[in-house]
Amino acid sequence: MHFMATSEQAARPAAASGPGTLASDTAATPTHCPYCALQCGMGLVRGPGGVEVVERPAFPVNGGALCGKGRTAPAVLSSRVRLTGPLVRSAVSGELEPAGWDEALDRVADGLARTRAAYGADACGVFGGGGLTNEKAYTLGKFARVVLGTSQIDYNGRFCMSSAAAAGTRAFGLDRGLPFPLADVARTGCLILVGSNLAETMPPALRYLTELKENGGTLIVVDPRRTRTAEQADLHLAPRPGTDLALALGLLHLVVAEGGTDEAYIRERTTGWEEARAAVMAHWPEYVERITGVPVPQLRDVARRFAAAEHAMVLTARGPEQQAKGTDTVGAWINLCLATGRPGRPLSGYGCLTGQGNGQGGREHGQKADQLPGYRKLTDPAARAHVAGVWGVDPDSLPGPGRSAYELLDALGGDVKSLLLMGSNPVVSAPRAAHVEERIRSLDFLAVADVVLSETAQLADVVLPVTQWAEETGTVTNLEGRVLLRRRAVDPPDGVRTDLEVLHGLASRLGHGKGFPVDPEEVFEELRRASAGGVADYSGISYGRLVEDEGAGVFWPCPGAPDGEGAHAGTPRLFLERFATEDGLARFVPVVHRDSAEEPDGEYPVVLTTGRVLAQYQSGAQTRRVDELNAAAPGPFVEVHPRLAARLRVADGETVAVVSRRGRVVVPARVTPGIRPDTVFMPFHWPGEGRANTLTHPALDPVSRMPEFKVCAVRLEPA
Ligand SMILES: Nc1nc2c(c(=O)[nH]1)N[C@H]1C(S)=C(S)[C@@H](COP(=O)(O)OP(=O)(O)OC[C@H]3O[C@@H](n4cnc5c(=O)[nH]c(N)nc54)[C@H](O)[C@@H]3O)O[C@H]1N2
Ligand SMILES: Nc1nc2c(c(=O)[nH]1)N[C@H]1C(S)=C(S)[C@@H](COP(=O)(O)OP(=O)(O)OC[C@H]3O[C@@H](n4cnc5c(=O)[nH]c(N)nc54)[C@H](O)[C@@H]3O)O[C@H]1N2
Ligand code: SF4
Ligand SMILES: [Mo]
């Protein structure tokens, strides 16, 4: 076996067991991990202790390697830790009590119908997730627009990669996380990895960074913390959180000053350079050092190495993106790539490391507030006509764009009275979470479909228990834009239903007996047609194609018909000939640095940034149910530099209070030199006293509507 060995999670054969019976007893069923956007291939077999994960080396992206989360994922299939029957809140006791499926679905349909009758369709909200398969995301969007007729739908992907998506669309006319296969990273000459802790968030991908260095390439990591990823770097820049925009502009300033731009490329493949160049010229190295804290010689070194490399890439993740200026920040990094002639050239360019299991597909098929399937715009009359045609409805009946995720959560109990939530746990993961929790509690009606009783499900009027990854079939699109088939390998426990069955049951009760099939392949066939001609065109992809080539998948866009002689091969590499803009040219966007929404001051003198640890996933709803993962990462903490700790008189392991204008949390301090002295870090995986999002600021990016998870001002005090 070839599992990822790390200090927290030693490599050993999978022993995670589940009670499920395998649909096929004989060979391993090839499938994919339920968690992050790498979508590692794995096999599932029945072992002595239950369902076991085995290596699936033929799948190219991870080549058999898995992190501890993927390796232990079958533990969450066990009925001991999950929901196995619907729950309905009793009018008498006020508690959630077991109920039958008919009663539960009747209650949800009734709750939504009452709201709609009393306040209109837009009083019904829908909140989805980037972990949902393409089929589910598509059906959820259709359910909101066609059955409920509401504009009020958005999803947790807004909290994830929306700034990179907005910047990518603005510059290239299209957003696909990576415009090239991940393996290309190993063969570039210089990689700047901005705000990604890949070693903990996508461990099997670390091999591409190792190969890059073995091939003689340079790895530069930009992170306020000396993470396990930063430890791999040739050069680690540690800017103050929220200053990546100035950093990128400062690097481009130096590239221009030293004559490192690619004038022929700029002329032939881009527009807007003059304005962008003018904006850059104000960002002098000394000024940038003052803002970022990165010394001028380091800036110069990076600018030179990046411009001189024959092939070079910038990859961003949540560090620079989860800021109220995330779109402009990513735009500045893209400008650096364009000015040096990278995008659309071999082994070069800009990419975003998308986060959730179906973070890519989940943003393409219509659960986003402004979007229709195929990455079409809800405001585009031709897009509305096409999708309405596939759905058999009048285009004028489709609502317009709704609110973004945080704005929707903030409106709960106001003009949005009922919510159907599928695939997210905002009580833990939304910014300013105490306020969001209070908004959720003020709803007239809340229905949650989940696999476990999450912190948000605990507040619901009806909880619908659903099947999990290994118990159902569906497609996901990984961070490379590679569409993959996850196959059912295990029979679900009695008492749970699929999300598609839930939506079918609700749609029929609300007068739409047709149009909401429960067979995922049937949904995919409709999605193909709905996406045809769109930006994310899946029309040439079929379930049949997805099992070919050992299930290596097909990259979108893949137009045309899936079968026959001329079937399109898919598009592993984008932009080689032209960009997806109308004139085929990439757009420079003139951007300038600006402050974070909340800068530190006398009262709140320290910057708080937030993120992840290796052994927990997201709100922890799933991974906090796995003993081995809890042993590795048992609870929340705050990372504090020894100098700051000494000033506060806190020792390693001692409890401290972290206070922001939104609230107060109490957690143990983890004293480490691997963080800037002016910054503290908290992971956001836990609810309760140590919930990081009690502190975070909900300032939104004006374009992407991404909240500022990565920067707010706090003070630390004795607990
Ligand atoms: N173990 C684990 N893996 C996961 C997940 C998980 O929850 N746990 N979630 C998945 C998902 S949905 C996502 S989105 C990805 C996220 O993957 P990453 O983006 O790698 O994860 P984060 O820890 O949120 O942030 C990465 C780094 O950004 C740094 N950072 C903080 N502020 C700034 C800043 O202002 N500028 C810069 N340059 N860096 C900053 C943090 O110190 C952190 O090390 O991970 C995926 N994989
Ligand atoms: N402070 C801070 N906050 C953050 C971030 C940060 O870096 N810092 N990162 C943000 C990011 S990038 C993200 S992606 C969000 C994620 O935060 P959440 O949206 O809360 O993500 P999860 O914890 O994955 O929640 C998914 C929920 O759906 C359930 N679930 C899983 N699969 C299915 C399914 O197929 N169907 C149904 N019905 N339910 C399912 C899970 O059990 C879980 O309860 O958090 C954001 N919040
Ligand atoms: S890296 Fe991501 S996809 Fe791979 S095993 Fe870990 S959580 Fe699963
Ligand atoms: Mo994410």
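In this predicted model, ligand 3 has a short list of neighbours: C33, Y35, C36, L38, Q39, C40, L66, C67, K69, G70, P203 and P204. Sorted by class, that shell comes out as nine nonpolar residues, two polar ones and one charged one.

One member of the shell, K69, also turns up at ligand 1. A polar atom in the K69 side chain sits 3.1 Å from a nitrogen atom of ligand 1. Backbone atoms join in as well: a polar one from N197 is 2.8 Å from an oxygen atom of ligand 1, and an N or O atom in the backbone of G242 is 2.9 Å from an oxygen atom of that ligand. Taken on its own, ligand 1 has 910 Å² of accessible area, and the protein covers 100% of it. Its surroundings amount to 33 residues, with D223, D244, R612, Q616 and Q618 coming nearest.

R612 provides the link to ligand 2, where a polar atom of its side chain lies 3.1 Å from a nitrogen atom. The K710 side chain puts an N or O atom 3.0 Å from an oxygen atom of ligand 2, while the backbone of A449 has an N or O atom 2.9 Å from a nitrogen atom of the ligand. Cover here stands at 95% of the 920 Å² of accessible area that ligand 2 has on its own. Around ligand 2 there are 31 residues, and N156, S424, S429, D450 and S619 are the ones that come nearest.

Next come the enclosed spaces. A probe the size of a water molecule, rolled over the atoms, reveals where space has been left empty. Counting only cavities of 30 Å³ or more, the model has six. The largest cavity holds about 780 Å³ of space. Its lining runs to 39 residues, with G131, Q356, G423, S424 and Q622 closest to the centre. S424 is thus named both here and among the residues nearest ligand 2. By class, the lining of the largest cavity splits into 18 polar, 14 nonpolar and seven charged residues. Where does the largest cavity lie with respect to domain 2 and domain 4? Both domain 2 (87-159 + 359-474 + 484-515) and domain 4 (606-718) contribute lining residues, so the largest cavity lies between them.

The second largest cavity has a volume of about 540 Å³. Of its 40 lining residues, G195, N197, R318, R612 and K710 are closest to the centre. Several of these names are familiar from the ligand contacts: N197 from ligand 1, and R612 and K710 from ligand 2. As for secondary structure, α5 (198-201), α12 (318-321) and β23 (606-611) each bring at least two residues to the lining of the second largest cavity. The class split is 15 nonpolar, 16 polar and nine charged. This time the domains involved are domain 3 (164-352) and domain 4 (606-718); both give residues to the lining, so the second largest cavity lies between them.

The open pockets round out the picture. The largest pocket contains about 610 Å³ of space. It is lined by 26 residues, and those closest to its centre are T169, D370, Y375, R376 and K377. Two elements, α4 (162-172) and β15 (376-377), supply at least two lining residues each, and α4 has the largest share, with five. Nonpolar and polar residues number nine each in this lining, alongside eight charged ones. At the domain level, domain 2 (87-159 + 359-474 + 484-515) and domain 3 (164-352) each provide at least three residues to the lining of the largest pocket.

The second largest pocket has a volume of about 360 Å³. Twenty residues line it, and E200, R225, R228, E639 and R670 lie nearest the centre. The class tally for this lining is nine charged, seven nonpolar and four polar residues. Which domains does the second largest pocket lie between? Domain 3 (164-352) and domain 4 (606-718) both give residues to its lining, so the pocket lies between these two.

Technical notes. Residues numbered from 1 in each chain as written. Chains lettered and ligands numbered in written order. Predicted model: local features only at pLDDT ≥ 70, side-chain atom pairs only at ≥ 80, totals over all residues. Heavy atoms only, no water. 1 Å grid on protein atoms, 1.4 Å probe; cavity = no way out; pocket = protein on both sides within 12 Å on 5 of 7 lines; lining within 4 Å. Points joined across faces, edges and corners; volume = space filled by probe spheres on them. Nonpolar A, V, L, I, M, F, W, Y, C, P; charged D, E, K, R; others polar. Domains from an automatic or database assignment. Helix = DSSP H or I, 4+ residues; strand = E, 2+ residues; numbered from the N terminus. Near = heavy atom within 4 Å. Polar contact = N/O pair within 3.5 Å; in protein donor to acceptor, adjacent residues only side chain to side chain. Areas by Shrake-Rupley, 256 points an atom, 1.4 Å probe, with all protein chains shown as cover.
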